[in-house]
Amino acid sequence: MEAVSSPMVAATKLPVLNPGEYELWKIRIEQYFLMTDYALWEVILNGDSPLPTRTINGVETLVPPTTAEQRLARKNELKARGTLLMALPNEHQLKFNTYKSAKTLMEAIEKRFGGNKESKKVQKTLLKQQYDILIEKAKRWTYHI
């Protein structure tokens, strides 16, 4: 009896950003792009080549991609940008739709949800205070038993 071999298909779910967990989401979205199409992650990190333009009578206009390489670059850019937009919560998608490249979109997401060092210190202090309150409540609860 012959064993039938079929190619293994890895299905991954697109990680949606939870506004309070940006660092975890960034790791997950990177892994998602690395598993699905590495070229898209490269577009997000490095940007892609600019669209070709032509100057006619002093007016610069965009020219549609003509070579296969230009078409592939445009396709990757649109796919990476669209995937990043789908990974945002519904209430934030319209705010970020104005960014036209995947690289600037990722930078805007990081700026909005990533926070800075000062906000991370405040967040860490708040978490410690909440932890201390929970410990106090747990101590009181154990004394009542």
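## A walk around helices α1, α3 and α5

Start by selecting W25, I29, Y32 and F33 in α1, then add A80, T83 and L84 in α3: these two sets of residues meet each other. Of the residues in this contact, six are nonpolar, one is polar and none is charged. Keep in mind as you look around that this is a predicted model.

Now switch to a cartoon view and look at the two helices as rods. The axes of α1 and α3 cross at roughly 140° and come within 12 Å. An angle over 145 degrees would be needed to count as roughly antiparallel, so α1 is oblique to α3. Turn the view to look through the pair, and you will find a right-handed crossing of α1 and α3.

Next stop: keep α3 (residues 68–86) on screen and bring in α5 (residues 102–114). What is the angle at which α3 and α5 pack? It is about 25°, and the axes of these two helices are 9 Å apart. Angles under 35 degrees count as roughly parallel, and α3 and α5 are therefore roughly parallel to each other. The crossing of α3 and α5 is left-handed.

For the side chains here, select E77, A80, R81, L84 and L85 on the α3 side, and A102, L105 and M106 on the α5 side, where the two helices meet. This contact divides into six nonpolar residues, two charged ones and no polar ones. You may recognise A80 and L84 from the opening selection: they meet residues of α1 and also residues of α5.

From α5, move on to a charged pair. Select K26 and E110, which form a salt bridge with their closest N and O atoms 3.8 Å apart. The count of salt bridges comes to one. K26 sits in helix α1 (residues 22–36) and E110 in helix α5, so this pair ties together parts that are 84 residues apart in sequence. Try a surface view here: are the two residues buried or partly exposed? K26 is partly exposed, at 27% relative accessible area, and E110 is also partly exposed, at 37%.

For the last stop, go back to helix α3 and select N76. With a relative accessible area of 10%, N76 is buried. Show its surroundings: leaving aside residues up to four places away in sequence, N76 touches D37, A39, L40, V43 and D48.

Note on methods
Residues are numbered from 1 along each chain as its sequence is written. This is a predicted model: local features need pLDDT of at least 70, side-chain atom pairs count only at pLDDT 80 or more; totals for chains, interfaces and linings use all residues. Side-chain values use heavy atoms; hydrogens and water are left out. Axes are lines fitted to C-alpha atoms, for helices over the stretch in contact, and angles run from 0 to 180 degrees between N-to-C directions. Helices (H or I, at least four residues) and strands (E, at least two) are DSSP runs, numbered from the N terminus. Angles under 35 degrees count as roughly parallel, over 145 as roughly antiparallel, 65 to 115 as roughly perpendicular and the rest as oblique. A crossing is left-handed if the near helix is turned anticlockwise from the far one by less than a right angle, and right-handed if clockwise. Contact means heavy atoms within 4.5 Å. Ala, Val, Leu, Ile, Met, Phe, Trp, Tyr, Cys and Pro count as nonpolar, Asp, Glu, Lys and Arg as charged, and the others, Gly among them, as polar. A salt bridge is a side-chain nitrogen of Lys or Arg within 4 Å of a carboxyl oxygen of Asp or Glu. Buried means under 20% relative accessible area, exposed over 50%, partly exposed in between (1.4 Å probe, protein chains only).
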